[in-house]
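Colleague: I've just opened this one and don't know my way around yet. Can you walk me through it?

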Amino acid sequence: MDTTDTKNFSIAFSRRSFLIASAGFAASVALGGFSRLAAAPSPFTLPPLPYAEDALEPVISARTISFHYGKHHQGYVNNLNKLVAGSDYADMPLEKIITETAGKKDKTAIFNNAAQIWNHTLYWHSMKPKGGGEPPAELKKLIDASFGGVDACKKEFASAATSQFGSGYAWLVLDGDKLKIVKTGNADNPMVSGMKPLLTMDVWEHAYYLDYQNRRGDYVNGVLDKLINWDTALENMAK
Ligand code: MN
């Protein structure tokens, strides 16, 4: 190989390297573009759990929370992201999706998953370690006026939660200037009926079956006596 050959080889080699590099670059752009497209329709994310997974033990086990939050709640987020990809719903707040799709037969899946994301987020915040006890004074005043006392309020809450037939929720809501206890089936949410949800209790079997099996009442009373977070009700009243 003389100097000319070496030079030609070197040019040829460089050119080949460049082509390989270009192909790689093109591939990475294509891949980058694809993953961006795949990532774009994921506007909803799983809100953080406000405590550790074992923080509600022994009333609710870490195992229940792990499945309920990590699988069920996450699943609703994943489903909604798939369902709203590329639609106007992708840019809407959850509350707006819920009220706009409620009662629309062709939007049931979107409603169910959006409402389940919202309901679970309120559910996690409706409990805290060492909860229960007396509500803050400002809330207690309204509870006394609406139910005739905290015990009466808790009794009505427990009754709604245990009597809800099948899956659903019991709620403490603000309806006008009065507090009320209501129950809803499946993913339904009282905001659809113009009420303001303050606290909620999930009574789907996935909320208690690992810990209590069929004893829903034990779960309900455990939550009300030991975990209920009255501060959340007060915060939501102010919203
Ligand atoms: Mn649930």
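Colleague: Let's start with a single residue. Where does S126 lie?
Modeller: S126 sits in the loop that links α4 (108–125) to α5 (137–147). Helices here are DSSP runs of H or I with at least four residues, strands are E runs of at least two, and both are numbered from the N terminus.

Colleague: Before we go on, what kind of model is it?
Modeller: It's a predicted model, where local features need pLDDT of at least 70 and side-chain atom pairs count only at pLDDT 80 or more, while totals for chains, interfaces and linings use all residues. Residues are numbered from 1 along each chain as its sequence is written, and side-chain values use heavy atoms, with hydrogens and water left out.

Colleague: Okay, back to the loop. Is S126 buried or exposed?
Modeller: S126 is buried, because its relative accessible area is 0%. Buried means under 20% relative accessible area, exposed means over 50%, and partly exposed is in between (1.4 Å probe, protein chains only).

Colleague: What does S126 touch in there?
Modeller: Not counting neighbours within four places in sequence, S126 is in contact (heavy atoms within 4.5 Å) with L199, T200, L227, I228, N229 and T232. With T200 there's a specific pair of groups: the S126 side chain reaches the T200 backbone nitrogen at 3.0 Å.

Colleague: And which residue stands opposite T200?
Modeller: That's W171, with T200 itself being in β3.

Colleague: So tell me about the sheet. What is the strand order?
Modeller: The order is β2-β1-β3, in an open sheet of three strands with antiparallel pairing. β2 (178–185) and β3 (196–202) are the edge strands, each pairing on one side only. Two strands pair if DSSP finds at least two bridges between them.

Colleague: How many bridges join β1 to β2, and how many join β1 to β3?
Modeller: Eight join β1 to β2, and six join β1 (residues 168–175) to β3. V173 in the sheet has partners in both: P197 stands opposite V173 in β3, and K180 is the bridge partner of V173 in β2. A170 is another one to look at, standing opposite K183 in β2.

Colleague: Is β1 mostly buried or exposed?
Modeller: Seven of the eight residues of β1 are buried, so β1 is largely enclosed by the rest of the structure. At the turn, the hairpin of β1 and β2 has two residues between the strands, and G176 there takes a positive phi near 70°.

Colleague: Changing topic: which residues are the protein donors of the manganese ion?
Modeller: H68 (NE2), H120 (NE2), D202 (OD) and H206 (NE2), at 2.0 to 2.2 Å from the ion. Donors are N, O and S atoms within 2.8 Å of the metal (3.2 Å for Na, K and Ca), and sites may look incomplete because water is not among the atoms. Along the chain, the donors follow the spacing H-x51-H-x81-D-x3-H.

Colleague: Are D202 and H206 buried or exposed?
Modeller: D202 counts as buried, at 0% relative accessibility. H206 is buried too, with a relative accessible area of 18%.

Colleague: Now give me something on the outside. What about K226?
Modeller: K226 is exposed, with a relative accessible area of 51%, and belongs to helix α8 (residues 216–227). K226 touches V59, K128, K130, G131 and G132, leaving out residues up to four places away in sequence. K130 is 96 residues from K226 along the chain, yet their C-alpha atoms are separated by 6.0 Å.

Colleague: Zooming out, what does the secondary structure come to?
Modeller: Nine helices and three strands, running α-α-α-α-α-α-β-β-β-α-α-α from the N terminus on. The protein has 239 residues, and 41% of them are buried. Of the contacts between residues at least 6 apart in sequence, 68% join residues at least 24 apart.

Colleague: And where does pLDDT stay under 50?
Modeller: Over residues 1–41, a stretch for which the model has four contacts beyond four places in sequence. The protein as a whole averages a pLDDT of 87, with 82% of the residues scoring at least 70. pLDDT is the predictor's confidence in each residue, from 0 to 100.

Terms used
A polar contact is a pair of N or O atoms within 3.5 Å; within protein, one must be able to donate a hydrogen and the other to accept it, and residues adjacent in sequence count only if both atoms are side-chain atoms.
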